[in-house]
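Visitor: I am new to this protein. Could you pick one small spot, look at it closely, and then show me how similar spots fit into the rest of the picture?

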Amino acid sequence: MDKVIANGYLLIDGVKTDISTSNIQELSVSEEFIFLTAVIGGDTYYLRVPSQSKSFDLVEDYLPDAMTFLSNLYTPTGGIGSLSNYSVKAVDTYEGSGSFDLTAVGDFMANNSTQPKAIVFEFGIDFDTKRTGGLAGGGGSGNGSGSSGNSGSTSCVNLIEAKNLVSYWPQITSGNATGTGKRVAGNSIFAEYKTSDVALVLEGSAGGTRYVVQLMFTASNLTANKTLEFRNAGTGTGLTNTGAVGRLIAFNGTVNDDWRTNRDFGKNKNMGTLRILTVSPKITGTYSFQASGDGYPSSNNQFVNVSGTFCID
């Protein structure tokens, strides 16, 4: 692969660094994996992801069904990555064209620190070995189907990971999904909430199940570099300024189920963390919460762990 156009950004604890083709040191695309090495802000970052448009756990080790993303200074302690809009057409080992978007969001630990930092990486890549512009990358192109697509720009990707999901309906199961996101008024979710309250609604499908995540909090908490607990935010009397409410609704065929952080099991408990990284020009951040169905969950009674990222225009 000879000619690459790339565009994106790296966000570390709210500090944004734009990245482009000139940051790429090596890029290789194959039937199995994408490898990327980039120098950003004096640090070298390494990424490897399977060549499949889906979401993955973010890890330090090179595992077969996960996204590896780390640098000389940082290692991940948890998070989600995704490959989306993947379209690659290859002629032979070193000729071809294609495009894809990469996203990685999670908590990272610096080598000289005990406090994790939130990192968001979004990168869009378009390559064509016959292009007369761009910058040389490394490695070889891979096989696939389709044709070249975007011009290296990134779009918002919202990630949903529902783990350890136990539902009344056996056809509703755990899964990972990427999808859309939007901001709506809080009272469109629950009548007790105010018009000024914020609800971020994320939606994606995987394995026959459609997942909808609702993240709700007061307008005063829509602030960059803000961290909230999912704790006692209420529905009956409306949201409070001290917490957020997390909800997952899952649909499969004609059945659906939902889980919330503020049901009885979550009373007086910290059920997770909502981290708002930016509010302009996009609302971005991460979330992770435990939620229950009606009553008190156990390993056999309507419980779920939900995590992911949001990026809303």
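**A salt bridge seen up close**

Guide: At 6% relative accessibility, Glu161 counts as buried (that is, under 20% relative accessible area, whereas exposed means over 50% and partly exposed lies in between, using a 1.4 Å probe and protein chains only). Before we look at its partner, a word on what is in front of you: this is a predicted model, where local features need pLDDT of at least 70, side-chain atom pairs count only at pLDDT 80 or more, and totals for chains, interfaces and linings use all residues. Residues are numbered from 1 along each chain as its sequence is written, and side-chain values use heavy atoms, leaving out hydrogens and water.

Now back to our spot. The side chain of Glu161 meets that of Lys163 in a salt bridge, with 3.7 Å from N to O. The term stands for a side-chain nitrogen of Lys or Arg within 4 Å of a carboxyl oxygen of Asp or Glu. The two partners do not share one setting: Glu161 is buried, whereas Lys163 is partly exposed, with a relative accessible area of 37%. If you have the model open, try finding Lys163 and then follow its side chain to Glu161, the other half of this salt bridge.

How many such pairs are there? The structure holds 10 salt bridges. One of them joins the side chains of Lys54 and Asp65, with 3.6 Å from N to O. Lys54 sits in strand 6 (residues 54-59), while Asp65 belongs to the loop between strand 6 and strand 7 (67-71), so this pair ties together parts that are 11 residues apart in sequence. Here both partners fall into the middle class: Lys54 is partly exposed at 29% relative accessible area, and Asp65 is partly exposed as well, at 46%.

Another pair to visit is Arg210 with Glu203, which form a salt bridge whose closest N and O atoms are 3.0 Å apart. Arg210 counts as partly exposed, with 31% relative accessibility, and Glu203 also counts as partly exposed, again at 31%. Salt bridges can link up, too: Arg247, Asp258, Arg260 and Arg263 are joined into one network by salt bridges that share partners.

Let us step back and take in the whole chain. The protein chain has 0 helices and 20 strands; these are DSSP runs numbered from the N terminus, helices being H or I of at least four residues and strands E of at least two. Strand 6 and strand 7, which we met with Lys54 and Asp65, carry numbers from that count. The protein chain has 313 residues, and 53% of them count as buried. Glu161 is in that buried class.

Contacts (heavy atoms within 4.5 Å) tell you how the chain meets itself. Among contacts between residues at least 6 apart in sequence, 60% join residues at least 24 apart. The pair of Lys54 and Asp65, by comparison, ties together parts that are 11 residues apart.

Finally, the outside. The protein chain exposes about 13400 Å², and carbon and sulfur atoms supply 46% of that area. So much for the wider view; when you return to the starting point, look once more at buried Glu161 and partly exposed Lys163, meeting in their salt bridge.

Notes: Areas by Shrake-Rupley, 256 points an atom, 1.4 Å probe, with all protein chains shown as cover.
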